[in-house]
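Reader: I would like to learn how to read a structural model step by step, beginning with the whole chain and ending with single side chains. Could you take me through one?

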Amino acid sequence: MAHPSQLGFQDAASPVMEELLHFHDHALMIVFLISTLVLYIIIAMVSTKLTNKYILDSQEIEIVWTVLPAVILVLIALPSLRILYLMDEINDPYLTIKAMGHQWYWSYEYTDYEDLGFDSYMVPTQDLTPGQFRLLETDHRMVIPMESPIRVLVSAEDVLHSWAVPSLGVKMDAVPGRLNQTAFIASRPGVFYGQCSEICGANHSFMPIVVEAVPLEHFESWSSLMLEDA
(Lines give C-alpha, C1' and ligand atoms only; values in the text may rest on other atoms or scores of the structure.)
Protein backbone atom coordinates (compact mmCIF):
# COMPACT_ATOMS: atom_id res chain seq x y z
CA MET A 1 0.00 0.00 0.00
CA ALA A 2 1.35 3.42 -0.92
CA HIS A 3 1.93 5.99 1.82
CA PRO A 4 1.00 9.68 1.70
CA SER A 5 3.66 11.77 -0.12
CA GLN A 6 5.47 8.59 -1.17
CA LEU A 7 7.87 9.29 -4.05
CA GLY A 8 8.94 5.77 -5.01
CA PHE A 9 7.11 2.59 -5.92
CA GLN A 10 5.15 0.44 -3.52
CA ASP A 11 7.02 -2.35 -1.75
CA ALA A 12 7.43 -5.35 -4.05
CA ALA A 13 5.24 -8.37 -3.31
CA SER A 14 6.31 -10.51 -6.27
CA PRO A 15 9.64 -11.51 -7.90
CA VAL A 16 8.78 -9.59 -11.09
CA MET A 17 8.10 -6.40 -9.16
CA GLU A 18 11.46 -6.77 -7.39
CA GLU A 19 13.13 -6.97 -10.80
CA LEU A 20 11.23 -3.88 -11.94
CA LEU A 21 12.40 -1.96 -8.87
CA HIS A 22 16.01 -2.94 -9.51
CA PHE A 23 15.74 -1.88 -13.16
CA HIS A 24 14.19 1.43 -12.11
CA ASP A 25 17.12 2.14 -9.78
CA HIS A 26 19.60 1.09 -12.49
CA ALA A 27 18.06 3.41 -15.11
CA LEU A 28 17.68 6.27 -12.65
CA MET A 29 21.37 6.10 -11.71
CA ILE A 30 22.32 6.37 -15.39
CA VAL A 31 20.01 9.39 -15.74
CA PHE A 32 21.65 11.01 -12.69
CA LEU A 33 25.14 10.49 -14.13
CA ILE A 34 24.15 11.92 -17.54
CA SER A 35 22.43 14.91 -15.93
CA THR A 36 25.45 15.61 -13.72
CA LEU A 37 27.85 15.45 -16.67
CA VAL A 38 25.70 17.72 -18.85
CA LEU A 39 25.26 20.22 -16.00
CA TYR A 40 29.01 20.28 -15.39
CA ILE A 41 29.74 20.90 -19.08
CA ILE A 42 27.16 23.72 -19.26
CA ILE A 43 28.57 25.42 -16.15
CA ALA A 44 32.15 25.01 -17.39
CA MET A 45 31.37 26.50 -20.80
CA VAL A 46 29.43 29.42 -19.33
CA SER A 47 31.86 30.27 -16.55
CA THR A 48 35.24 29.95 -18.29
CA LYS A 49 36.67 32.53 -20.71
CA LEU A 50 39.19 30.12 -22.19
CA THR A 51 38.68 28.33 -25.50
CA ASN A 52 40.09 24.89 -26.28
CA LYS A 53 40.66 24.44 -30.00
CA TYR A 54 40.78 20.64 -29.62
CA ILE A 55 37.23 20.62 -28.22
CA LEU A 56 35.88 22.94 -30.91
CA ASP A 57 37.12 20.74 -33.75
CA SER A 58 38.04 17.19 -32.74
CA GLN A 59 37.10 13.97 -34.48
CA GLU A 60 38.02 11.94 -31.38
CA ILE A 61 35.44 13.78 -29.26
CA GLU A 62 32.79 13.27 -31.95
CA ILE A 63 33.52 9.53 -31.87
CA VAL A 64 33.21 9.50 -28.07
CA TRP A 65 29.89 11.33 -27.94
CA THR A 66 28.53 9.03 -30.67
CA VAL A 67 29.70 5.72 -29.18
CA LEU A 68 29.05 6.53 -25.51
CA PRO A 69 25.27 7.11 -25.88
CA ALA A 70 25.02 3.87 -27.86
CA VAL A 71 26.74 1.97 -25.04
CA ILE A 72 24.44 3.58 -22.47
CA LEU A 73 21.36 2.60 -24.49
CA VAL A 74 22.58 -1.00 -24.62
CA LEU A 75 23.08 -1.01 -20.85
CA ILE A 76 19.46 0.09 -20.46
CA ALA A 77 17.95 -2.08 -23.22
CA LEU A 78 19.39 -5.46 -22.18
CA PRO A 79 17.93 -5.64 -18.64
CA SER A 80 14.72 -4.04 -19.95
CA LEU A 81 14.23 -6.79 -22.54
CA ARG A 82 15.03 -9.44 -19.95
CA ILE A 83 12.29 -8.20 -17.62
CA LEU A 84 9.88 -7.82 -20.54
CA TYR A 85 10.24 -11.50 -21.37
CA LEU A 86 9.99 -12.47 -17.69
CA MET A 87 6.69 -10.59 -17.40
CA ASP A 88 5.33 -12.37 -20.48
CA GLU A 89 6.31 -15.84 -19.26
CA ILE A 90 3.49 -18.13 -18.07
CA ASN A 91 4.98 -20.91 -15.96
CA ASP A 92 2.65 -23.91 -15.36
CA PRO A 93 0.10 -22.03 -13.21
CA TYR A 94 -1.32 -23.65 -10.08
CA LEU A 95 -4.51 -21.60 -10.31
CA THR A 96 -6.30 -19.76 -13.11
CA ILE A 97 -8.66 -16.86 -12.40
CA LYS A 98 -10.76 -15.05 -15.00
CA ALA A 99 -11.21 -11.32 -14.29
CA MET A 100 -14.00 -9.61 -16.23
CA GLY A 101 -14.33 -5.83 -16.26
CA HIS A 102 -17.79 -4.25 -16.14
CA GLN A 103 -19.10 -0.73 -15.77
CA TRP A 104 -18.05 -0.35 -13.00
CA TYR A 105 -16.98 -3.45 -11.07
CA TRP A 106 -14.93 -6.60 -11.52
CA SER A 107 -16.17 -10.16 -11.56
CA TYR A 108 -13.91 -13.15 -10.86
CA GLU A 109 -14.27 -16.77 -11.90
CA TYR A 110 -12.01 -19.48 -10.50
CA THR A 111 -11.94 -21.69 -13.57
CA ASP A 112 -10.37 -24.67 -11.75
CA TYR A 113 -13.55 -24.92 -9.65
CA GLU A 114 -17.02 -25.66 -10.95
CA ASP A 115 -19.08 -22.89 -9.35
CA LEU A 116 -16.62 -20.52 -7.71
CA GLY A 117 -17.18 -16.97 -8.89
CA PHE A 118 -18.35 -13.62 -7.57
CA ASP A 119 -18.66 -9.93 -8.33
CA SER A 120 -16.37 -7.44 -6.59
CA TYR A 121 -17.88 -4.00 -5.91
CA MET A 122 -16.30 -1.03 -4.20
CA VAL A 123 -17.41 -0.53 -0.59
CA PRO A 124 -19.22 2.85 -0.31
CA THR A 125 -17.63 5.41 1.98
CA GLN A 126 -20.48 5.30 4.49
CA ASP A 127 -20.10 1.49 4.85
CA LEU A 128 -16.35 1.45 5.52
CA THR A 129 -15.14 -0.01 8.82
CA PRO A 130 -12.12 1.35 10.75
CA GLY A 131 -8.88 0.45 8.94
CA GLN A 132 -10.40 0.14 5.47
CA PHE A 133 -9.30 2.45 2.67
CA ARG A 134 -11.73 4.77 0.92
CA LEU A 135 -12.19 4.06 -2.82
CA LEU A 136 -9.91 1.01 -2.53
CA GLU A 137 -11.82 -1.57 -0.48
CA THR A 138 -14.15 -4.13 -2.10
CA ASP A 139 -16.94 -6.29 -0.73
CA HIS A 140 -15.28 -9.46 -2.12
CA ARG A 141 -11.51 -9.80 -2.40
CA MET A 142 -9.72 -11.97 -4.92
CA VAL A 143 -8.15 -14.55 -2.62
CA ILE A 144 -5.09 -16.45 -3.87
CA PRO A 145 -2.56 -18.86 -2.34
CA MET A 146 0.84 -17.29 -1.70
CA GLU A 147 4.06 -18.59 -3.31
CA SER A 148 2.05 -20.18 -6.12
CA PRO A 149 2.05 -19.25 -9.83
CA ILE A 150 -1.29 -17.59 -10.57
CA ARG A 151 -2.60 -16.98 -14.09
CA VAL A 152 -5.19 -14.25 -14.59
CA LEU A 153 -7.29 -14.19 -17.76
CA VAL A 154 -8.48 -10.63 -18.32
CA SER A 155 -11.33 -9.44 -20.51
CA ALA A 156 -14.23 -6.97 -20.44
CA GLU A 157 -17.98 -7.05 -21.07
CA ASP A 158 -18.56 -3.51 -22.28
CA VAL A 159 -15.69 -1.01 -22.64
CA LEU A 160 -11.91 -0.99 -22.20
CA HIS A 161 -10.66 -1.62 -18.66
CA SER A 162 -7.25 -2.44 -17.21
CA TRP A 163 -6.53 -4.86 -14.36
CA ALA A 164 -3.57 -3.48 -12.42
CA VAL A 165 -2.01 -4.23 -9.02
CA PRO A 166 1.21 -2.18 -8.64
CA SER A 167 2.82 -4.09 -5.75
CA LEU A 168 2.53 -7.34 -7.72
CA GLY A 169 3.93 -5.79 -10.90
CA VAL A 170 0.77 -6.65 -12.86
CA LYS A 171 -1.07 -4.51 -15.41
CA MET A 172 -3.13 -6.04 -18.20
CA ASP A 173 -5.69 -4.41 -20.51
CA ALA A 174 -9.23 -5.80 -20.47
CA VAL A 175 -10.56 -5.58 -24.03
CA PRO A 176 -14.09 -6.64 -25.02
CA GLY A 177 -13.99 -9.74 -27.22
CA ARG A 178 -10.33 -10.41 -26.43
CA LEU A 179 -8.86 -12.65 -23.73
CA ASN A 180 -5.49 -11.44 -22.41
CA GLN A 181 -3.46 -13.27 -19.82
CA THR A 182 -0.89 -12.37 -17.21
CA ALA A 183 0.78 -14.24 -14.37
CA PHE A 184 2.35 -13.47 -11.01
CA ILE A 185 3.52 -15.06 -7.77
CA ALA A 186 2.71 -13.43 -4.44
CA SER A 187 5.91 -13.92 -2.45
CA ARG A 188 4.37 -13.05 0.91
CA PRO A 189 0.94 -12.97 2.54
CA GLY A 190 -0.90 -9.68 2.55
CA VAL A 191 -3.59 -7.53 1.00
CA PHE A 192 -2.62 -5.74 -2.22
CA TYR A 193 -4.66 -2.93 -3.72
CA GLY A 194 -5.06 -1.83 -7.32
CA GLN A 195 -7.44 0.08 -9.54
CA CYS A 196 -8.66 0.06 -13.10
CA SER A 197 -5.90 1.82 -15.05
CA GLU A 198 -7.94 2.67 -18.13
CA ILE A 199 -10.35 5.62 -18.35
CA CYS A 200 -13.48 3.50 -18.81
CA GLY A 201 -16.31 5.90 -18.01
CA ALA A 202 -17.89 8.19 -15.44
CA ASN A 203 -17.25 5.85 -12.50
CA HIS A 204 -13.79 4.80 -13.65
CA SER A 205 -12.19 5.57 -10.28
CA PHE A 206 -14.76 3.49 -8.37
CA MET A 207 -13.82 -0.04 -9.47
CA PRO A 208 -10.87 -1.02 -7.25
CA ILE A 209 -9.03 -4.35 -7.17
CA VAL A 210 -8.11 -6.12 -3.93
CA VAL A 211 -5.92 -9.23 -3.99
CA GLU A 212 -5.49 -11.12 -0.73
CA ALA A 213 -2.62 -13.62 -0.60
CA VAL A 214 -2.95 -16.28 2.10
CA PRO A 215 -1.23 -19.59 2.94
CA LEU A 216 -2.45 -22.56 0.91
CA GLU A 217 -4.41 -24.18 3.76
CA HIS A 218 -6.29 -20.91 4.38
CA PHE A 219 -7.09 -20.64 0.68
CA GLU A 220 -8.50 -24.17 0.67
CA SER A 221 -10.71 -23.35 3.65
CA TRP A 222 -11.91 -20.15 1.96
CA SER A 223 -12.71 -21.90 -1.32
CA SER A 224 -14.64 -24.63 0.53
CA LEU A 225 -16.75 -22.02 2.33
CA MET A 226 -17.41 -20.14 -0.92
CA LEU A 227 -18.51 -23.35 -2.67
CA GLU A 228 -20.83 -24.21 0.22
CA ASP A 229 -22.42 -20.75 0.08
CA ALA A 230 -22.87 -21.07 -3.67
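Author: What follows goes from the overall fold to the salt bridges and then to one side-chain contact. Please keep in mind throughout that this is a predicted model.

Reader: How many helices and strands are there in the chain, and what pattern does the chain follow along the sequence?

Author: A useful habit is to list the elements before looking at any detail. The chain holds four helices and ten strands, and read along the sequence the pattern is α-α-α-β-β-β-β-β-β-β-β-β-β-α.

Reader: What radius of gyration does the chain have, set against that of a compact globule of 230 residues?

Author: A compact globule of 230 residues would have a radius of gyration near 17 Å, whereas the chain has 24 Å. The box filled by the C-alpha atoms, taken along the principal axes, is roughly 85 × 40 × 35 Å. Of the 230 residues, 33% count as buried, and the accessible surface comes to about 14,500 Å², with 60% of that area belonging to carbon and sulfur atoms. Among contacts in the chain with a separation of 6 or more, 64% are accounted for by residues 24 or more positions apart.

Reader: Which residues does UniProt list for the copper A binding domain?

Author: The UniProt record, an unreviewed entry, lists residues 92-225 as "domain: Cytochrome oxidase subunit II copper A binding". In the model, this span is 7% helix and 45% strand, and its end C-alpha atoms lie 26 Å apart.

Reader: Turning to charged side chains, how many salt bridges does a search of the whole structure find?

Author: The general idea is that side chains of opposite charge can pair when their charged atoms come close. Here the search of the whole structure finds three salt bridges. One of them joins the side chains of R82 and E19, at 3.0 Å from N to O. This pair links distant parts of the chain, with R82 in helix α3 (residues 59-88) and E19 in helix α1 (residues 15-47), 63 residues apart.

Reader: Are R82 and E19 buried, partly exposed or exposed?

Author: R82 counts as partly exposed because its relative accessibility is 47%, and E19, at 25% relative accessibility, also counts as partly exposed.

Reader: Which residue meets E137 in a salt bridge, and which residue meets E212?

Author: When reading such pairs, it helps to look for shared partners. The side chains of E137 and R141 meet in a salt bridge at 3.1 Å, N to O, and R141 also meets E212, at 3.4 Å, N to O. R141 lies in the loop between β3 (117-120) and β4 (142-145), and E212 lies in strand β10 (residues 208-214), so the pair ties together parts that are 71 residues apart in sequence. Salt bridges that share partners thus join E137, R141 and E212 into one network.

Reader: Where do E137, R141 and E212 stand on the scale from buried to exposed?

Author: E137 is buried, with a relative accessible area of 2%, while R141 is partly exposed at 24% and E212 is partly exposed at 23%.

Reader: To finish with a single side chain, which backbone oxygen does the side chain of S221 reach?

Author: Here one reads a side chain against the backbone of the chain. S221 lies in helix α4 (residues 216-229), and its side chain reaches the backbone oxygen of E217 at 3.1 Å. S221 is partly exposed, with a relative accessible area of 43%.

Key. Residues numbered from 1 in each chain as written. Predicted model: local features only at pLDDT ≥ 70, side-chain atom pairs only at ≥ 80, totals over all residues. Heavy atoms only, no water. UniProt positions renumbered as here; feature names shortened; annotations may be inferred. Helix = DSSP H or I, 4+ residues; strand = E, 2+ residues; numbered from the N terminus. Salt bridge = Lys/Arg side-chain N within 4 Å of Asp/Glu carboxyl O. Buried < 20%, exposed > 50% of the residue type's maximum accessible area, 1.4 Å probe, protein only. Polar contact = N/O pair within 3.5 Å; in protein donor to acceptor, adjacent residues only side chain to side chain. Rg over C-alpha atoms; globule rule 2.2 N^0.38 Å. Contact = heavy atoms within 4.5 Å. Areas by Shrake-Rupley, 256 points an atom, 1.4 Å probe, with all protein chains shown as cover.
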